[in-house]
Amino acid sequence: MSVAILDSGIYPHVDFGNRIVSFRDFVNHSREIYDDNGHGSHIAGIVGASGRASHGKYCGMAPECSFFIGKVLDYEGNGNMADILEGIDWVIANRDRYRIRILNVSVGTTAKIQREEDYCLVEAVERAWEAGIVVVAAAGNNGPKESSITIPGISRKIITVGCSDDYIPVYMNGSKKRDYSGRGPTLECICKPDIVAPGNQIVSTRNNLSGYFVKSGTSMSTPVVTGATALLLERYPYFTPKEVKKRLLFSATDLGLPRNKQGWGILNVWKMLYG
C-alpha cells in the first residue's frame with residue numbers, strides 16, 4: 001500500500017530505503033528525487049520512517065508503507081494552487097497502479113474569504129475522497145481564533161487534524177506561539193478539526209542521508225494520523241474512506257475540550273486498531 005504526500009518533496013533518507021515508489025516534481029520539473037526545504041521529508045518520516053539511521057529510536061507510524069511523492073512546494077515552502085491541484089489529479093490517476101489508499105496534505109491556504117480557487121481545492125480533495133482515497137489534511141497554525149481552519153481542511157468530507165499539545169510554547173517563523181492549532185467552525189459552520197494528535201517538537205527525518213530534526217505544528221500532527229490510518233488499512237483493507245473516518249473518530253479519546261478545538265478527541269491508535 002502506498003501513502004501519497006504532496007509537500008516539498010522527499011530526500012532518499014536511509015530510513016526510506018527503496019520504498020519511494022514514485023516522485024514527481026511539479027515545481028522545478030526535475031527528475032531527481034529531492035527535497036530542498038525539508039518539510040516534506042519530515043512529514044514522510046512521521047508517516048513511515050524505518051528508524052534504521054537512529055537504530056530504532058526514531059521510527060514512523062507505519063514503517064513498512066511505500067511513498068508516492070509529489071513536490072508542490074518550493075525551497076521556501078511556498079506553492080501555487082495550480083501545482084497542488086495538478087498533484088491531486090496525479091494521485092487520483094495513479095491510485096490503482098500504485099495502490100494509493102491515503103493522501104496526506106500538510107499544506108493549506110487561509111480561509112478568510114470565500115474564493116473560487118479555494119473551492120477548487122476543496123473539490124479536488126473531495127474528488128480524491130470519492131475515488132476511494134482517504135484524505136488527511138492539517139487544520140493549520142492560525143489559532144486560537146475561531147474559523148481559523150486552513151483550506152482544504154474546511155472540507156466536510158476529509159479528515160482534518162489539529163494539534164493536541166499546542167499549549168506548549170514553540171517558535172514558529174521567528175516568533176513564540178502557543179494555542180496555534182486551527183479551529184472551527186468553518187465559514188460554512190462545520191465543526192472542525194475532526195481529531196487531534198501530537199504535533200509539538202516532533203523528531204523526524206531531515207532532508208539528508210541519515211539526519212533528524214525537530215519541527216512543530218499541525219503539519220506534524222497530520223502525518224501521525226496518516227500513518228495510523230495506514231496501519232488501519234493494512235488490518236482492514238476493505239474499509240472505505242467513510243468507514244476509516246468513522247473508526248478514527250469513534251475511537252478517539254475525549255480530552256474535555258471544546259468541539260471546535262479537539263474535534264472528537266485525541267487519536268487512540270490501540271482502540272482504533274483493536275477496540
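In this predicted model, helix 1 and helix 4 are in contact through H39, H42, I43, I46 and V47 on the helix 1 side and S219, M220, P223, V224, T226 and G227 on the helix 4 side. By class, the residues of this contact comprise 6 nonpolar and 5 polar, with no charged residue. Helix 1 spans residues 39–48 and helix 4 spans residues 218–235; their axes come within 8 Å and cross at roughly 35°. The crossing of helix 1 with helix 4 is right-handed.

**H42 and its surroundings**

One of the helix 1 residues in this contact is H42. H42 counts as buried because its relative accessibility is 0%, below the 20% limit for that class. Apart from neighbours within four places in sequence, H42 is in contact with I202, V203, S204, T205, F213, V214, K215 and M220. Between H42 and P223 the C-alpha to C-alpha distance is 9.4 Å, although 181 residues separate the two in sequence.

Several contacts of H42, including S204 and F213, lead to a strand pair. Strand 10 (residues 202–205) and strand 11 (residues 212–215) are antiparallel and share 4 bridges. Within this pair, S204 has F213 of strand 11 as its bridge partner. The two strands, 10 and 11, form a hairpin, with 6 residues between them.

**The parallel sheet**

A separate topic is the open sheet of 7 strands, whose order is 2-3-1-4-5-6-9 and whose pairing is parallel. Strand 2 (20–25) and strand 9 (195–197) are the edge strands, each pairing on one side only. On average, neighbouring strands in the sheet are turned by 25° against each other, direction ignored.

At one edge, strand 2 runs parallel to strand 3 (residues 66–71), and 5 bridges join them. D25 has K71 in strand 3 as its bridge partner. Two helices that lie on the strands are set out below.

| Helix | Strands touched or crossed | Direction |
|---|---|---|
| Helix 2 (residues 81–93) | strand 1 (2–7), strand 2, strand 3, strand 4 (100–105) | about 170° to strand 1 |
| Helix 5 (residues 241–250) | strand 5 (134–138), strand 6 (159–163), strand 9 | about 30° to strand 6 |

Strand 2 also contains S22. Is S22 buried or exposed? S22 is buried, because its relative accessible area is 15%, under the 20% cut-off. Leaving out residues up to four places away in sequence, S22 touches F67, F68, I69, W90 and Y98. Helix 2, at residues 81–93, lies across strand 2 and strand 3, and the contacts of S22 include F67 and W90.

**Cysteines**

How many disulfides does a search of the whole structure find? The search finds 0. A disulfide is a covalent bond between the sulfur atoms of two cysteines. C163 is in no disulfide, and the nearest cysteine sulfur, which belongs to C191, is 19 Å away. That separation explains why C163 is not paired, because a disulfide requires sulfur atoms within 2.5 Å.

The accessibility of two cysteines can be stated as well. C163 is buried, with a relative accessible area of 0%. C120, by contrast, counts as partly exposed because its relative accessibility is 31%, a value that lies between the 20% and 50% limits.

Technical notes. Residues numbered from 1 in each chain as written. Predicted model: local features only at pLDDT ≥ 70, side-chain atom pairs only at ≥ 80, totals over all residues. Heavy atoms only, no water. Axes fitted to C-alpha atoms, helices over the stretch in contact; angles between N-to-C directions. Left-handed = near helix turned anticlockwise from the far one by under 90°. Contact = heavy atoms within 4.5 Å. Nonpolar A, V, L, I, M, F, W, Y, C, P; charged D, E, K, R; others polar. Pairing = 2+ DSSP bridges. Buried < 20%, exposed > 50% of the residue type's maximum accessible area, 1.4 Å probe, protein only.
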